[in-house]
Amino acid sequence: MADTDLQRFDVVIQGGGIVGLAMAARLGEIEARSPIDGHPGLTIAVIDADQAPEALSEDTLALRTTSLNAGAINLLERNGVLAHLPEWFLTTFDRLEVGDRTRPVALSFDASDIQLPRFGVFVENDRLRYALWQLLKQRERVSLLAESRVRTREVLPDRQRLILDNGDIIEGALLIGADGARSMVRRDAGIDARSRDYAQNAQVINVRLAEHRDIHTTWQVFAPEGPLALLPLHDRQASLIWYDRPGTVQSRMAMDDEMLKATIRQHFPPRLPEIETIIERGQFPIARQHAQRYIAPRLALIGDAAHVIHPMAGQGVNLGLADVEILGDQLDRALRYGRDLGDQRALKHYQRHQWPRNAAMLTAVDQLYDIFRSPMADLFGRGLGGANHITPVKRLMMKMAVGPT
C-alpha cells in the first residue's frame, strides 16, 4: 500500500449536506482555541458523493428552502458561516398563521408573544450549503472530499476504516453519519429505523409575486388532501408548498405555467397575491423516520440519517443542527478530559440527550398532522379561532416554530 493511499483523521463525516458540513464547522471550534491538554485541534474529513456546491447568481432562486430557528442561527453566526451568506438572502419571519380553507387565519401568533425578535429566517438550501463549503475550504485541518463514494467500512478497535471507490483509505477515531434518510452508515451499522409513509408528496413551486406585503409572515392552510403553505423570500419571491397525493402532484407537475397558476388560484386561499411568474417546480415524497438508536462503536448519526420529520414543521435542518451542537459539546468535553473521541461515554450522553427530544418533536408533528386529517377536522377547525388562547394546538405550533428547548 502506498503512503498516499491512507489518510488518517480524528473525525470522518460521511455526508456533505448542510448538517454534515455544519458538524465539521462545529468541530472546527476546538481547533480555533488554544491547545487543550496538548491537543492541537481536530483533523476532519468530509466525504460526499455529490459535486462541490457552486455559487448561485443573485437572480437565481434555488428550489429547496429551509427555515432556521434561533439556535441554528446562533450556531452558524458563531462559526462564521453567515459571513459567507449575504443578508439579502436571509428572509426574517416573525409571524405565523395557521387555519383551513374557510378560516385561513384561525390561529396566529407573533414572535413577540414569547419575547423573541423573530422566529427565524428562511434561506435557500443551496446557498447555505455553499456558504458552509466556502468556510470549510479555509480551514487547513478540514479535508473536503467531493465526488467520493465509500465502498466498504470496517470497525477496528481504535478507529473506523473506510475504503473509497478510488481505492483511497480513510481512517478516523470517530465516524459521523450525516448521509441522509437512506443512510449507508446507519444501514452498515445494523441500526433499524421506524418509519411512516404519509402517502403524500410535497410539491414545491417557487414564484415571483406581483406584490408581497406580508414579507415577514409565513402561513399554512390545512386541507383534506394535505397542507398548503407559503414561505416568504427576498425580492417578491416565495416558495409555495403543496402536499397532496402522489398522482395528483404528478399531474400538476405536467401542467404548463398558466394552467398551474389557475390551479393554484383555485386551491390556495384568496390572500395569496397574484403570481407574476412561476420560477421553478419540483416534488419529493413525504415520510417520517426515526433511528432506534443514534450510536454504535465509534459511530454517531446526525440529521436525516438519525431522524426525518414531516416538512410541514419546518424543523428538519433545525433538528439536525441541534444534533450538531450537542454532539460537538460532548466531543469537546471528551477532549478536555483526555478521552478518546470514540469514547462511548460521550456518544451515550449525546444519544440520551437528543433521542428523546427528537422523538418528542416527531410525535408532536404527527399528532398535528393526524388532527387535521381526522374525521373531526372540520369541527376542530371551527374551534381554531379560540386557539389564540393557550391550547395544546397552539403549544404544538409554537414548539414547531422555535424548536426543542
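# Exercises: ring pairs and a three-stranded sheet

In strand E7, Gly 120 is the bridge partner of Phe 93. The model is predicted.

**Exercise 1.** Which strands make up the open sheet that holds E7, and in what order?

Solution.
- Start from E4 and E7. Three bridges join E4 to E7 (residues 120-124), and the two run antiparallel.
- Now place the third strand. The order is E3-E7-E4, an open sheet with antiparallel pairing.
- Look at the edges. E3 (65-69) and E4 (91-93) each have a single partner strand, so one side of each lacks a neighbour in the sheet.
- Add the twist. Neighbouring strands are turned by 30° against each other on average, direction ignored.
- Finish with the helix. H2 (residues 70-78) lies across E3 and E7, at about 90° to E3.

**Exercise 2.** Classify the ring pair Tyr 198 and Tyr 369, and state which parts the pair ties together.

Solution.
- Recall the descriptors. A pair of aromatic rings is described by the distance of the centres and the angle of the planes.
- Check the distance. The centres of Tyr 198 and Tyr 369 lie 4.8 Å apart, and the limit for a pair is 6.5 Å.
- Check the angle. The planes stand at 70°, so the pair is edge-to-face; the cut-off for that class is over 60 degrees.
- Locate the residues. Tyr 198 is in strand E12 (residues 193-209) and Tyr 369 in helix H8 (residues 344-373), so the pair ties together parts 171 residues apart in sequence.
- Add burial. Tyr 198 and Tyr 369 are buried.

**Exercise 3.** Do the same for Trp 242 and Phe 268: what class is the pair, and are the residues buried or exposed?

Solution.
- Take the geometry. The ring centres of Trp 242 and Phe 268 are 5.3 Å apart with planes at 90°, so this pair is edge-to-face.
- Place the residues. Trp 242 belongs to strand E15 (residues 237-244), while Phe 268 sits in the loop between helix H6 (257-267) and strand E16 (275-291), so the pair ties together parts 26 residues apart in sequence.
- Read the accessibility. Trp 242 and Phe 268 are both buried.

**Exercise 4.** How many aromatic pairs are there, and which residues do ring pairs link into a cluster?

Solution.
- Count the pairs. The total is seven aromatic pairs.
- Trace the cluster. Ring pairs link Phe 93, Phe 109, Phe 119 and Phe 122.
- Return to the sheet. Phe 93 of this cluster has Gly 120 as its bridge partner in E7.

**Exercise 5.** Which arginines lie over the faces of Phe 284 and Phe 89?

Solution.
- For Phe 284, the residue is Arg 64, at 3.9 Å from the ring centre.
- For Phe 89, the residue is Arg 127, at 3.8 Å from the ring centre.

Technical notes: Residues numbered from 1 in each chain as written. Predicted model: local features only at pLDDT ≥ 70, side-chain atom pairs only at ≥ 80, totals over all residues. Heavy atoms only, no water. Phe/Tyr/Trp six-rings, centres within 6.5 Å; stacked < 30°, edge-to-face > 60°. Helix = DSSP H or I, 4+ residues; strand = E, 2+ residues; numbered from the N terminus. Buried < 20%, exposed > 50% of the residue type's maximum accessible area, 1.4 Å probe, protein only. Lys NZ or Arg CZ within 6 Å of the ring centre and 35° of its normal. Pairing = 2+ DSSP bridges. Axes fitted to C-alpha atoms, helices over the stretch in contact; angles between N-to-C directions. Contact = heavy atoms within 4.5 Å.
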